[in-house]
Amino acid sequence: MESLSRLGMEFGQHVQQVTAELLLRVVQPDSLSEIEGGIREAMLKLGHFVLTSWLALQNERSPAERIACECGPRARYQAMWEGVLYMIVRRVVYR
């Protein structure tokens, strides 16, 4: 639960930062589409932060050292691999 509280605080700070960047960049917008583009970019940044953070929280859970296997013997945990997702919220790296 401590990790979740930390994530909530970090997300709040990230929202403030992204919002400030948006408002400073689009002080006097030329059109509604410019505002929409800025908001879309801000939402993608926030989505990227949430997804990356959620995956990091999943990483804190240690897998069991051995698990039952359908083939008979018990399977032993080997290693954690790094993965990359290419999504609408940009490239996300996880372990």
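**Two helices, a small core and a set of salt bridges**

Serine 31 has a relative accessibility of 31%, which lies between the 20% limit for buried and the 50% limit for exposed, so this residue counts as partly exposed. The model examined here is a predicted one. In this model, serine 31 sits in the loop that runs between helix 1 and helix 2. Its side chain makes a polar contact with the side chain of serine 33, at 3.0 Å.

A step back from this loop brings the whole chain into view. The protein chain contains 2 helices and 4 strands, and from the N terminus on these elements follow the order α-α-β-β-β-β. Of the 95 residues in the chain, 18% are buried. The chain exposes about 7,700 Å², and carbon and sulfur atoms supply 60% of that area. Among contacts with a separation of 6 or more, 49% are between residues 24 or more positions apart.

The two helices can be taken next. Helix 2 is made of 28 residues and spans 41 Å from its first C-alpha to its last, close to the 40 Å expected at 1.5 Å a residue. Its buried residues are Gly38, Ala42, Leu46, His48, Phe49, Ser53, Leu55 and Leu57. Two of these names, Ala42 and Leu46, return in the largest nonpolar core, where they are joined by Val18, Leu22 and Val26 to give 5 residues. Helix 1 (2-25) and helix 2 (32-59) each supply at least two residues of this core. Such a grouping fits a familiar pattern: in soluble globular proteins, nonpolar side chains tend to be buried together. Valine 18 offers a good place to look at the core in detail. Leaving aside residues up to four places away in sequence, valine 18 touches Ala42, Lys45 and Leu46.

Charged side chains add another layer to the picture, with a count of 5 salt bridges. One of them joins arginine 6 to glutamate 10, with the closest N and O atoms 3.5 Å apart. Because these two residues are 4 residues apart in helix 1, about one helical turn separates them. Arginine 6 is partly exposed, with a relative accessibility of 40%, and glutamate 10 is also partly exposed, with a relative accessible area of 33%.

A similar spacing is found in helix 2. Glutamate 36 forms a salt bridge with arginine 40, and here the closest N and O atoms are 3.2 Å apart. As the partners are 4 residues apart in helix 2, glutamate 36 and arginine 40 are again separated by about one helical turn. Both are partly exposed: glutamate 36 has a relative accessible area of 45%, and arginine 40 has one of 48%. Elsewhere, salt bridges that share partners join Glu21, Arg25, Glu41 and Lys45 into one network.

Which salt bridge links glutamate 41 to another part of the chain? Glutamate 41 pairs with arginine 25, with the closest N and O atoms 3.5 Å apart. This pair links distant parts of the chain, since glutamate 41 belongs to helix 2 and arginine 25 to helix 1, 16 residues apart. At 36% relative accessibility, glutamate 41 counts as partly exposed; arginine 25, at 47%, falls into the partly exposed class as well.

Key: Residues are numbered from 1 along each chain as its sequence is written. This is a predicted model: local features need pLDDT of at least 70, side-chain atom pairs count only at pLDDT 80 or more; totals for chains, interfaces and linings use all residues. Side-chain values use heavy atoms; hydrogens and water are left out. A nonpolar core is a set of buried Ala, Val, Leu, Ile, Met, Phe, Trp, Tyr and Cys residues joined through side-chain atoms within 4.5 Å. Buried means under 20% relative accessible area, exposed over 50%, partly exposed in between (1.4 Å probe, protein chains only). Contact means heavy atoms within 4.5 Å. The expected span of a helix is 1.5 Å times one less than its number of residues. A polar contact is a pair of N or O atoms within 3.5 Å; within protein, one must be able to donate a hydrogen and the other to accept it, and residues adjacent in sequence count only if both atoms are side-chain atoms. Accessible areas come from the Shrake-Rupley method with a 1.4 Å probe; for residues, only the protein chains shown count as cover. A salt bridge is a side-chain nitrogen of Lys or Arg within 4 Å of a carboxyl oxygen of Asp or Glu.
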